[in-house]
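Me: I have a model open and want to learn how to read its side-chain and DNA contacts. Can you take me through them, one feature at a time?

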Number of protein chains: 4
Amino acid sequence: MEAEKRLEKETMILDAAERVFAARGYAATTVKDVAQEAGVATGTVYLYFPSKEELFLALIDRGTRAVLEGIVRARQGKPDVIAKLAASLEGAVRAFSAHRDLARVALLQAPGALPACEERLAQLHRLFADYVAQDLEEARAAGLIPPLDARVAAWAWVGSFAEILLAWVRGDVADLEEVLPGLVAYNLRGIGAPGSRQPQRGQAARSAGPAERRSAGRDQAAAPGGFAAGER
Amino acid sequence: MEAEKRLEKETMILDAAERVFAARGYAATTVKDVAQEAGVATGTVYLYFPSKEELFLALIDRGTRAVLEGIVRARQGKPDVIAKLAASLEGAVRAFSAHRDLARVALLQAPGALPACEERLAQLHRLFADYVAQDLEEARAAGLIPPLDARVAAWAWVGSFAEILLAWVRGDVADLEEVLPGLVAYNLRGIGAPGSRQPQRGQAARSAGPAERRSAGRDQAAAPGGFAAGER
Amino acid sequence: MEAEKRLEKETMILDAAERVFAARGYAATTVKDVAQEAGVATGTVYLYFPSKEELFLALIDRGTRAVLEGIVRARQGKPDVIAKLAASLEGAVRAFSAHRDLARVALLQAPGALPACEERLAQLHRLFADYVAQDLEEARAAGLIPPLDARVAAWAWVGSFAEILLAWVRGDVADLEEVLPGLVAYNLRGIGAPGSRQPQRGQAARSAGPAERRSAGRDQAAAPGGFAAGER
Amino acid sequence: MEAEKRLEKETMILDAAERVFAARGYAATTVKDVAQEAGVATGTVYLYFPSKEELFLALIDRGTRAVLEGIVRARQGKPDVIAKLAASLEGAVRAFSAHRDLARVALLQAPGALPACEERLAQLHRLFADYVAQDLEEARAAGLIPPLDARVAAWAWVGSFAEILLAWVRGDVADLEEVLPGLVAYNLRGIGAPGSRQPQRGQAARSAGPAERRSAGRDQAAAPGGFAAGER
DNA sequence: AATGAATGAGTTTTCATTCAT
DNA sequence: GATGAATGAAAACTCATTCAT
């Protein structure tokens, strides 16, 4: 088979796998499920991927590549390192925002699914954090930000980004684009970037929302009254 | 059986389950594994938990309770809402830091393990975020911080905390206590709290560390050269 | 323990077992179920019966004994062998009719439950049939009935009796006493006993009943139209 | 898979199941046993039947169908309703007599094996009895037999047939064909059909046989001496 | 290359039986 | 004698993987 046709079918299967894994999770998804979703026979999946595990990892790797490319693209032509840093976050969010299924798989299911996968994702997190740390170093060297613990800042940066994506995947955030500016601003303030002192006005009004909206879920796990319960 | 003895044995089994699930993940762990780790027969586990699924959920719920209690305790006697907010984060981190296995289970494996579990954790995340948002509202109302999008700030706050825990679980952060001040400072700056303008000096020197240490992992998933690769 | 008390408790457990086995069947009944129904601990059952299997067999044996006694009692004082034969059938029916649970167990569940049990019941059937055959021999020798194949007559006699009991257990026959005269008459005619030539009048009116009443059940297993379907 | 091949394999598995269930009973038979008897892997059984329970029910249904067809075939071309009735019994006996395993399963094990099965068989018994009752009604309307309680006669008719089959399955009746005329005659006399007054001569001599042959079994469950023991 | 029937190892769960209290 | 917690063997069922067609 010509390489092109092969690649095309491989992509078809990966697309199907992404949908099915996203919907049912790694363990609950059978190779037959994936094959049916892709419209091929069970055995055909094994012509393109050596095992269910490798299929899943290929999915993760494809997603990883897409996000990294999104980041690289977003940084292109940005004037300074701070702008590039901000653009990185935006680029990553946008890369995911077109693929909610991918995000479900990569953020929710992948870490616990397979040891190999956990390791892969750990490396990805480190990679992101290291790049952020590099940017922060560079920004500090250029005098754009004050000295800071770049490690911690990098984890925080990555974590805030991951959490927003998770919230979006869960349906707690409706529109990623809408929250993106606030997220960037938060992190720019976090690293002490100039011109980021004052949070943006005009969004505060919405802030009470979640607290009320979610009262149903609260009584499951927590004492009533929030963190302050039991305090004097 | 007296309630006390029963509880004791239940705890034994939960402890064993925590260790085994942390080490192998939900799907790869068999009930027999848990029983052996606990030093009882397979059937005995079923005398205390009706199914593998319920055993896992009991684990999550126990962890959730412990963390929430840690937060409430940490907030006690703090003078203002900003201090309480900071203390919440510290309390949660400390609650986890005594139980790395719990953290592994709750943060890595639980989300993808079971639909019921995903929902449980989603509620917990919402709960955390809502409480943070409440505190932020209160702080803003008291004039302690400028107006901001409390939702986004809350997600970022929670996410930065979760990411640090993950890094610790993975071994990328050796000592949680050491990084805690930096994490709190980052987030206080993020919300625009006064007196948090300047990052702490003296920690910037360490920041290049992780980037070099982990170079092995990078070539798996990413083009070399950081986000800037491909840029002009 | 004094023998009397022991016997009393044994009876309690057997009574409980009869109820539970009748309701759920042999396989679906656990020893714990029986113990709970009897109001004792699981282990206590094993103080009185060596195994679940033996418990079940003890139940069957008790029932067998009761029925045989009922037969013997019914034959007492009957003038001739034909009357005794008829009385045997009535006695057996009456012995069961006070214990529907016993009948359920002995007729429906026991045969397939255990090889040992199947053998036990087979012997019982043979016993019944042999006795009937003996009576028939005696009746023929006395000139009360014409010569006949006593084996076949004996099986038919026993089978018609068992079937009526089954129908009663299933709820298809409401009152055993009501159908008993017809059953005896049928079998007396079957063996050619004198004075049994004409079926009893006045019952024919009911005879169309079952055919109409049960139409719901029929479409499951049979072609419509009765046995005649497909005939010219 | 073409429907034909599938059906062929399904039949193979059903045949194997019939043998194994007949030999060990429902509860004592494992799916693995059936698979081995059929010469396939355990999982293969599940490709054709969704569960052990459904496999067993399929067996019962197949048997039911075969017997009903045997009955319909036997009735074809019979001159009057009495002849048809007699032919029905003969047809059913012959349908079973080719499949002793089927008879063992359907008559001994099925009733107690599964609630669903009990219900299925109950309907079958009702069906048989209702058809017999219909024939009897018709015969009475045609003046071929005197009025009688058709319900009771129908149960007796079905029961005598079932009992003979059981005896054959147990080995107490060697040749079904041999006893069939006697059985039909017995029941024709039972319903008062004309020309059935005198039992067949020449068979009475055999009748003492079983009673002696089986004396070993008797002492298990019964007092010695027949029903007359204890009588004066 | 593609198919999908067949495989059988492995998992969860049940429950008869035992035995320390 | 009585208890009921503990045991662990066994069974139904699933599904990743193979391979004849």
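Reply: Start with charges over rings. This is a predicted model. Lys52(B) sits over the face of Tyr26(B), 4.4 Å from the ring centre.

Me: Which ring does Arg100(B) lie over, and at what distance from the ring centre?

Reply: Arg100(B) lies over the face of Trp168(B). The distance to that ring centre is 4.9 Å.

Me: Now rings with rings. How is a pair of aromatic rings described?

Reply: Two values describe a pair of aromatic rings: the distance of the centres and the angle of the planes. Over all chains, the count here is 17 aromatic pairs. Take Phe21(B) and Phe56(B): their centres are 4.9 Å apart, and their planes make 85 degrees. That pair is edge-to-face.

Me: Where in chain B do Phe21(B) and Phe56(B) sit?

Reply: Phe21(B) belongs to helix 1, residues 3-24 of chain B. Phe56(B) belongs to helix 4, residues 52-75 of chain B. They are 35 residues apart, so the pair links distant parts of the chain.

Me: Are Phe21(B) and Phe56(B) buried or exposed?

Reply: Compare the relative accessible area with the 20% limit for buried. Phe21(B) has 1%, so Phe21(B) is buried. Phe56(B) has 0%, so Phe56(B) is buried too.

Me: Give me another pair. What is the geometry of Phe128(B) and Phe161(B)?

Reply: Phe128(B) and Phe161(B) are edge-to-face, with 6.5 Å centre to centre and 90 degrees between the planes. Phe128(B) lies in helix 7 (residues 115-141) of chain B, and Phe161(B) in helix 8 (residues 150-170) of chain B. This pair also links distant parts of the chain, 33 residues apart. Phe128(B) counts as buried because its relative accessibility is 10%. Phe161(B) is buried at 8%.

Me: Which residues form one aromatic cluster in chain A?

Reply: Phe21(A), Tyr26(A) and Phe56(A) form one aromatic cluster.

Me: On to cysteines. How many disulfides does the structure hold?

Reply: Zero, over all chains. For Cys117(B), the nearest cysteine sulfur is that of Cys117(A), 17 Å away. Cys117(B) is in no disulfide.

Me: Why does the sulfur of Cys117(C) form no bond with that of Cys117(D)?

Reply: The sulfur of Cys117(D) is the closest cysteine sulfur to that of Cys117(C), but it is 17 Å away, so it is too far for a bond. The cut-off for a disulfide is 2.5 Å. Burial is a separate reading. Cys117(B) counts as buried at 0% relative accessibility, and Cys117(C) counts as buried at 0% as well.

Me: Next, the DNA. Which residues come nearest to DNA strand E?

Reply: Thr44(A), Val31(C), Lys9(D), Thr44(D) and Tyr48(D) come nearest, of 31 residues around the strand. Those around it divide into 14 nonpolar, 13 polar and four charged.

Me: Which helices supply at least two residues of that surface?

Reply: Helix 3 (42-48) of chain A, of chain B, of chain C and of chain D each do. Helix 3 of chain A gives the most, with five residues.

Me: What part of DNA strand E faces the protein: sugar or phosphate, or bases?

Reply: Look at the strand atoms within 4 Å of the protein: 72% belong to sugar or phosphate, and the rest to bases. Then check contacts to phosphate oxygens of DNA strand E. The side chain of Tyr46(B) has an N or O atom 2.9 Å from one. Tyr48(A) places a polar side-chain atom 3.1 Å from a phosphate oxygen. For Ala41(A), a backbone N or O atom lies 3.2 Å from a phosphate oxygen of the strand.

Note on methods: Residues are numbered from 1 along each chain as its sequence is written. Chains are lettered from A and ligands numbered from 1 in the order in which they are written. This is a predicted model: local features need pLDDT of at least 70, side-chain atom pairs count only at pLDDT 80 or more; totals for chains, interfaces and linings use all residues. Side-chain values use heavy atoms; hydrogens and water are left out. Buried means under 20% relative accessible area, exposed over 50%, partly exposed in between (1.4 Å probe, protein chains only). Rings of Phe, Tyr and Trp (its six-membered ring) pair if their centres lie within 6.5 Å; planes under 30 degrees apart count as stacked, over 60 as edge-to-face and the rest as tilted. Helices (H or I, at least four residues) and strands (E, at least two) are DSSP runs, numbered from the N terminus. A charge sits over a ring if NZ of Lys or CZ of Arg is within 6 Å of the ring centre and within 35 degrees of the ring normal. A residue is near a molecule or strand if one of its heavy atoms lies within 4 Å of it. A polar contact is a pair of N or O atoms within 3.5 Å; within protein, one must be able to donate a hydrogen and the other to accept it, and residues adjacent in sequence count only if both atoms are side-chain atoms. Ala, Val, Leu, Ile, Met, Phe, Trp, Tyr, Cys and Pro count as nonpolar, Asp, Glu, Lys and Arg as charged, and the others, Gly among them, as polar.
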